[in-house]
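This report describes how the protein copies are arranged and how they meet the DNA. The sequence and the model come first, and the text follows.

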2 protein chains.
Amino acid sequence: MTAQRRVVAEVLEGEHVHLTADEVHARAVAKLPEISRATVYNTLGELVSLGEVLEVATDKRAKRYDPNAHRPHHHLVCAQCGTIRDVHPTGNPLADLPASERFGFTVSDVEVTYRGVCPTCATP
Amino acid sequence: MTAQRRVVAEVLEGEHVHLTADEVHARAVAKLPEISRATVYNTLGELVSLGEVLEVATDKRAKRYDPNAHRPHHHLVCAQCGTIRDVHPTGNPLADLPASERFGFTVSDVEVTYRGVCPTCATP
DNA sequence: GGCTTAACCTGGACTTTGTCTAATGGATCT
DNA sequence: AGATCCATTAGACAAAGTCCAGGTTAAGCC
């Protein structure tokens, strides 16, 4: 556990946090100016391997990192400003895929992304 | 409708087609050698705006283009080889997000990605 | 047919996101 | 103190995508 890793972990604390690698780097630099981009990428990769942080692909540009890895959830994304909230739908989406639609795959995971417009963007 | 656009449209025909922009370009070049990358990107962007083609983000690297835009569906992705199949789950996932989990958003769309291992990758 | 105009296409430069590597530096062990 | 190990750094590199200046084609109009 080095100072750099602690800073990256600190940046990724909280609910509804979904930062890109560069955003993590920017905030890490604010706390530890000499931290490098490569270290941020390495540390994020390790956190993902350890299962402490999830990669989410809601944005089609850059990967985002979600520290809420221990409570399963899905995402609700504003189509205009890109804000992301963690959400917990009812039911089990895995059960909604009948065997006839599985093409022989062993299905182990589902990722659900809701899209819409957030209250802030909706009010003109 | 120019020759270039026709070629891009032809490349994107069929079921379970999910090509990246560069794959589309490679196949388009086979039919029309002088077609440029920029034109492929422009044409794909127009097809997406027209609603004829969908962008899918199953791969975390490059965007993929799905010509099956008129029949709503979701995707089943092999975690190992990346193969993608179009699937039609039962039920309506939108209904599974209760109002208390909508945070005031106007939710209009859901994207479901199933992950697993395909039969080919499962047999050793 | 020839001219004008608009749209389209091309090639390359550029940006963004992410990965890799060689070299540095700091800790730990003996 | 010396040796060793691992993390970190800076910068080069690669992949994916965007942008722009200029050339070409197509369409309309005389």
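In this predicted model, a turn of 179° with a shift of 0.1 Å along the axis lays chain A on chain B, at an RMSD of 0.2 Å. That is how copies related by a two-fold axis behave. Among the residues of chain A, V112(A) comes closest to the rotation axis, its C-alpha lying at 2.3 Å. The copies meet through the same surface, because 100% of the interface residues of chain A are interface residues in chain B as well.

**Domains of chain A**

Chain A divides into domain 1, covering 3–66, and domain 2, covering 74–117. Taken over C-alpha atoms, the centres of these two domains of chain A are 24 Å apart. Eight residues from domain 1 of chain A and eight residues from domain 2 of chain A take part in the contact between them.

**DNA strand D**

DNA strand D is surrounded by 16 residues, and the closest are T2(A), E34(A), S36(A), T39(A) and K63(B). Of the strand D atoms within 4 Å of the protein, 74% belong to sugar or phosphate, and the rest belong to bases. The surface near DNA strand D has six nonpolar, four polar and six charged residues.

Several polar contacts can be named here. S36(A) uses a polar backbone atom, which lies 2.9 Å from a phosphate oxygen of DNA strand D. Q4(A) uses a polar side-chain atom, 3.1 Å from a sugar or linking oxygen of DNA strand D. The side chain of R37(B) has an N or O atom 3.1 Å from a base nitrogen of DNA strand D. Two or more residues of the surface near this strand come from each of α1 (3–11) and α3 (37–49) of chain A, and α2 (21–31) and α3 (37–49) of chain B. With three residues, α3(B) gives the most to the surface near DNA strand D.

**DNA strand C**

Around DNA strand C there are 16 residues, of which K63(A), T2(B), Q4(B), E34(B) and T39(B) are the closest. Sugar and phosphate make up 74% of the strand C atoms that come within 4 Å of the protein. By class, the residues of the surface near DNA strand C are six nonpolar, four polar and six charged.

At least two residues of the surface near DNA strand C come from each of α2 (21–31) and α3 of chain A, and α1 (3–11) and α3 of chain B. The element that gives the most to this surface is α3(A), with three residues. Polar contacts with DNA strand C are listed below.

| Protein atom | Atom of DNA strand C | Distance |
|---|---|---|
| K63(A), backbone N or O | phosphate oxygen | 2.8 Å |
| S36(B), polar backbone atom | phosphate oxygen | 3.0 Å |
| R37(A), side-chain N or O | base oxygen | 3.1 Å |

**K60(B)**

One residue of chain B is described in detail. K60(B) sits in the loop between β2 (54–56) and β3 (64–66) of chain B. Its relative accessible area is 29%, so K60(B) counts as partly exposed, the class between under 20% for buried and over 50% for exposed. Apart from neighbours within four places in sequence, K60(B) is in contact with E55(A), A57(A) and K63(A), and with R115(B). M1(B) is 59 residues from K60(B) along the chain, and the C-alpha atoms of the two are separated by 32 Å.

Definitions and conventions: Residues numbered from 1 in each chain as written. Chains lettered and ligands numbered in written order. Predicted model: local features only at pLDDT ≥ 70, side-chain atom pairs only at ≥ 80, totals over all residues. Heavy atoms only, no water. Least-squares fit on C-alpha atoms with pLDDT ≥ 70 in both. Contact = heavy atoms within 4.5 Å. Helix = DSSP H or I, 4+ residues; strand = E, 2+ residues; numbered from the N terminus. Buried < 20%, exposed > 50% of the residue type's maximum accessible area, 1.4 Å probe, protein only. Near = heavy atom within 4 Å. Polar contact = N/O pair within 3.5 Å; in protein donor to acceptor, adjacent residues only side chain to side chain. Nonpolar A, V, L, I, M, F, W, Y, C, P; charged D, E, K, R; others polar. Domains from an automatic or database assignment.
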